[in-house]
Each structure stands twice: as structure tokens, then as C-alpha cells.
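User: I am new to this structure and would like to learn how to read its features one by one. Could you guide me through them?

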Amino acid sequence: MTLHLASRILETLEQHGYEAYYVGGCVRDWLLSRPVHDIDICTNAHPGDVIRLFPDHVPTGLKHGTVSVRIDGQFFEVTTYRTEGKYEDYRRPAEVQFVSELKLDLARRDFTMNAMAMNREKELQDPFGGRDDLAKKLVRAVGEPLERFREDALRLLRCVRFAAQLGFSIEPHTLAAMQKTAPLLAHIAVERVREELNKMLASESPHIGCAIINETGLCGYSPVLQRLFRDAAAESWRVVHVQGLPQKWSLLLYAARFPAEESKAVCQLLKMSKRETEAIVGFVELLHRLQPRWDAPEPVEWGQLLLDAGWDTCEKLAGILRVCWWNQQAQTHSMMQTLVETYQAMPVRTIKELAVTGLDLQVALQKKAGEWIVHVLRALLVQTALHGLPNTPEALIEAAKKEVAQYEH
Ligand code: ATP
Ligand code: MG
């Protein structure tokens with residue numbers, strides 16, 4: 001997303017005698033030459049004026065002064081300068097007041113690097129020294145840090161997340177205030193906590209985030225999370241080298257030596273979806289299953305795994321194994337190669353591809369349907385895929401007879 005489109009909104013507002021600026025994260029990211037993903041605009045125009053000037057809009061948060069304006073199919077949030085009243089529940093202000101001065105609007109923002117505004121000519125309004133702090137690579141609260149974290153405890157985690165995303169340190173007063181207010185994080189909805197942790201894990205420096213969480217005792221309110229970040233801290237830098245959020249989570253959980261059960265408890269605590277939970281716990285299980293034998297990854301081992309878990313999962317798993325501490329670079333290459341070769345060499349990969357069906361077996365063996373069918377088909381698949389049993393009805397039925405005998409034995 002570029003500032004170019006949004007500049008039309010600034011222009012229109014200015015032409016009608018209003019002030020208008022890009023503000024917050026987009027200014028920060030633009031100054032850092034990082035990709036800008038959402039562009040917020042602030043103005044002294046009241047929401048009613050904004051609505052009047054931009055017929056193509058959605059009144060997303062009129063009470064808070066926000067109108068979403070559409071330009072060429074893209075939405076931009078235009079928010080009237082405002083201050084916030086007393087905060088409730090350590091998160092939200094009870095009410096907001098519109099104000100006429102930009103500086104008052106910037107003062108309500110969380111960190112100096114997020115409290116800058118920029119006009120169409122790219123001139124900066126920076127009353128809290130955000131640009132300096134960007135140069136010093138510091139996350140610093142705007143105003144009195146203790147107060148700011150007490151107003152809204154989500155800022156504690158936003159602070160950690162920005163440090164991780166940008167590779168920044170936390171300014172000492174801000175850090176001290178985080179240590180004091182850390183227990184307030186318990187008041188924040190778990191979905192918001194998860195969202196920030198996800199961003200932290202997906203960032204360029206997840207280990208910085210883990211270190212700050214440990215240093216500030218931020219997850220002290222939850223013993224299991226506290227232990228996770230403590231025990232995974234030393235290895236958490238590896239998370240950046242795996243793709244995909246479930247893989248990142250599973251590597252972190254595994255680095256903390258969390259077994260599958262405990263990993264599941266973390267997912268549930270963070271109210272992850274069933275799908276995410278299954279993916280994460282699945283990887284953790286596979287990692288535990290592989291670790292002791294990993295030194296000599298026989299093709300058969302991957303073969304069995306491929307049959308159990310499928311190609312997609314195995315490929316992702318190989319991506320995690322690639323960065324596991326007990327793994328060596330040299331072995332990694334052969335591991336991926338083994339995986340690919342094993343998969344390519346398989347004449348069949350699923351039960352459906354076998355030259356016989358369950359019904360064929362019932363007829364040939366003259367047996368009633370029962371659990372034995374799945375068991376035998378599964379055994380036939382392993383033999384055909386990995387051990388050279390030809391995939392022909394005759395060979396499979398012969399083999400099935402032996403399997404049934406064994407099964408019933
Ligand atoms: P990103 O979009 O990369 O997650 P951002 O800083 O743009 O980061 P947003 O949630 O998009 O974050 O918020 C936009 C701006 O609103 C912020 O830059 C900041 O100025 C302000 N802001 C957001 N959340 C808070 C908060 N909890 N307390 C104070 N100001 C906030
Ligand atoms: Mg943003």
C-alpha cells in the first residue's frame with residue numbers, strides 16, 4: 001500500500017480548509033522504509049464533515065470519530081483529532097472527546113514512534129521525539145509510562161511486539177514501568193493477547209520478544225505461558241527460520257520441551273481454533289516422535305510418516321526439523337532429499353490408490369465387513385508403498401490373506 005492514493009483524501013480535506021495528516025503506524029513504517037500495510041489519517045474535520053466530503057464511505061466508528069473512506073476500492077480510516085477520557089477495564093476509554101489540536105491527538109497514542117503525523121508534503125509533526133527514538137532503535141512510551149500502561153494494558157504486549165518486529169530495545173523507564181504493571185495483562189482479552197503473540201512470533205526477532213516477556217514477567221499471570229517463554233527463550237531465535245504460524249508455535253513449544261498435552265493446553269488457553277490447535281499439536285507430536293531416531297533417518301521412517309501424515313505435513317515438518325538444534329546442516333540436506341525421494345518412489349500413497357477395495361477383500365476372503373478391513377488395507381498400503389508388494393489384485397489378495405490370519409491371531 002502506498003501513501004499516494006491516500007493523499008487524495010488529505011488534498012480534499014485541505015481544499016475545504018481542514019488539517020489532515022497521515023498518522024501512526026504508517027508514518028513510522030514509511031520513515032523506516034518498511035512496507036506500509038494500513039494507512040490512517042487524522043483531521044480536525046468532524047465525522048459529519050468527513051461523511052459530507054466523501055460520499056463513498058462506511059461509518060465504521062462514528063462514536064470514536066472514525067469514518068472509513070474508499071478511494072479506488074481501498075479503505076482508509078479517517079479519524080477526527082481526539083483525546084480519550086478515563087479508561088475502563090485497563091483497556092478502553094469510557095468516552096472520547098474531539099479536539100482541535102493535533103498534538104493532543106498524538107499525546108493519546110502509545111509510543112513515540114507511533115505518535116507522529118505527516119502532511120502531504122511529507123513534513124513531520126513529531127512533538128514527542130519519535131524520529132529520534134527510531135534512530136536510536138528505542139520503543140518509548142508517550143508521557144508517563146506507568147500511567148500509559150495502567151490506562152491500557154494491551155500496550156504492554158504491543159511494546160514487546162514492536163521491539164520484536166523492529167529489533168528495537170525498550171527505553172529504560174518504559175521497561176521499568178512494564179515490570180511494575182505486568183500483572184495487568186491478566187485483564188486483557190485472550191484473543192488480543194494471542195493476536196500480539198502471533199505478531200511477535202511472526203516477526204523478524206521473536207527472541208527479542210521472548211527475552212522481554214521474561215525480563216518483565218509479562219506472562220507471570222499464566223504459569224504455563226510463563227514457563228513456555230522461559231524455557232523456550234534460548235532457542236526462540238530459530239522460530240524466524242520456519243515458515244507458517246503453526247510451525248512457529250510448534251517449534252517454540254517443542255523448544256520448551258512441552259509434550260503434546262501441554263502444547264494443547266497452551267493452544268486452548270489462547271483460544272486458538274480447532275484447526276490451528278490440531279496442526280500445532282500434530283507437529284509437536286511428530287517432533288517428539290522423530291527426535292530420538294533422527295540421527296539415522298531411514299527412508300522407511302519417512303515412508304511410514306508420509307503414509308501416516310501425508311506429504312504436506314511432512315514437508316512442513318522437514319521445514320521445522322531443518323532448524324532444530326539437534327539437527328546439523330549437512331544432515332538437513334539429505335533429510336529433505338530422502339523425503340522427496342521416498343515420496344517419489346512410492347507407487348501408491350493412499351488406500352484409494354490400491355488395486356483392491358474393501359469390498360473386493362470381503363468377496364475374495366468371504367468375510368463379513370468389520371474392523372479388519374481398514375487394518376488390512378492399511379497394512380497393504382504400507383507393503384505396497386514401501387516394501388515392493390506389487391499393486392495388483394492378485395498380489396494384494398494373497399497378502400491380505402496373510403494379514404487377516406495375523407490380525408485374527
Ligand atoms: P500495525 O498496524 O503494524 O500493527 P500500528 O502502530 O499501525 O501497527 P494499529 O493498531 O494499526 O497499530 O494502530 C494505529 C495507531 O493507533 C498506532 O500507530 C497508534 O498511534 C495508535 N494506537 C493503536 N493502538 C493503541 C493503543 N492501544 N494505545 C494507544 N495508541 C494506540
Ligand atoms: Mg496500523
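User: Where does F149 lie, and is F149 buried or exposed?

Analyst: Please keep in mind that the model is predicted. F149 is part of helix α6. Residues under 20% relative accessible area are called buried; F149 has a value of 1%, so F149 is buried.

User: Which residues does F149 touch, apart from those up to four places away in sequence?

Analyst: A contact list shows what surrounds a side chain. For F149, the list includes F111, R155, L156 and T174, and also A177, M178, T181 and L184. One of these partners, T174, is 25 residues from F149 in sequence, while the C-alpha atoms of the two are 9.1 Å apart in space.

User: How many aromatic pairs are there, and how should one read the pair of F111 and F149?

Analyst: Rings pair if their centres lie within 6.5 Å, and the angle between the planes then gives the class. The count here is 3 aromatic pairs. In the pair of F111 and F149, the centres are 6.4 Å apart and the planes are at 50°, a tilted arrangement. This pair links distant parts of the chain, 38 residues apart: F111 is in the loop between α4 (102-107) and β10 (117-118), and F149 is in helix α6 (residues 145-151). Both F111 and F149 are buried.

User: What can be said of W311 and Y343?

Analyst: The ring centres of W311 and Y343 are 4.6 Å apart and the planes are at 35°, so this pair is tilted. W311 belongs to helix α16 (residues 311-321) and Y343 to helix α17 (residues 329-345), so the pair ties together parts 32 residues apart in sequence. W311 has 22% relative accessibility and therefore counts as partly exposed. Y343, at 22% relative accessibility, counts as partly exposed.

User: Which residues do ring pairs link into a cluster, and which charged residues sit over rings?

Analyst: The cluster consists of F111, F149 and F162. For charges over rings, one looks at the distance to the ring centre. R161 lies over the face of F162, 4.4 Å from the ring centre. Over the ring of Y343 sits the charged end of R349, at 4.0 Å from the centre.

User: Where is S7 placed, and what is in contact with S7?

Analyst: S7 is in helix α1 (residues 3-15). Its relative accessibility is 16%, so S7 counts as buried. A polar atom of the S7 side chain lies 2.6 Å from the backbone oxygen of H4. Beyond neighbours within four places in sequence, S7 is in contact with Y22 and R120.

User: What coordinates the magnesium ion (ligand 2)?

Analyst: To read a metal site, one asks which atoms coordinate the metal and at what distances. For the magnesium ion (ligand 2), the listed donors are D38 (OD) and D38 (OD), at 2.5 to 2.7 Å. D38 is found in the loop between α2 (25-31) and β2 (40-43).

User: What is the order of the strands in the open sheet?

Analyst: A sheet is read from one edge to the other. This open sheet has 7 strands in the order β3-β4-β5-β2-β1-β10-β11, and the pairing is mixed. β3 (57-61) and β11 (124-125) are the edge strands, each pairing on one side only. β3 and strand β4 (residues 66-71) run antiparallel and are joined by 3 bridges. Across from H57 stands V69 in β4.

Key. Residues are numbered from 1 along each chain as its sequence is written. Chains are lettered from A and ligands numbered from 1 in the order in which they are written. This is a predicted model: local features need pLDDT of at least 70, side-chain atom pairs count only at pLDDT 80 or more; totals for chains, interfaces and linings use all residues. Side-chain values use heavy atoms; hydrogens and water are left out. Rings of Phe, Tyr and Trp (its six-membered ring) pair if their centres lie within 6.5 Å; planes under 30 degrees apart count as stacked, over 60 as edge-to-face and the rest as tilted. Helices (H or I, at least four residues) and strands (E, at least two) are DSSP runs, numbered from the N terminus. Buried means under 20% relative accessible area, exposed over 50%, partly exposed in between (1.4 Å probe, protein chains only). A charge sits over a ring if NZ of Lys or CZ of Arg is within 6 Å of the ring centre and within 35 degrees of the ring normal. A polar contact is a pair of N or O atoms within 3.5 Å; within protein, one must be able to donate a hydrogen and the other to accept it, and residues adjacent in sequence count only if both atoms are side-chain atoms. Contact means heavy atoms within 4.5 Å. Donors are N, O and S atoms within 2.8 Å of the metal (3.2 Å for Na, K and Ca); water is not among the atoms, so sites may look incomplete. Two strands pair if DSSP finds at least two bridges between them.
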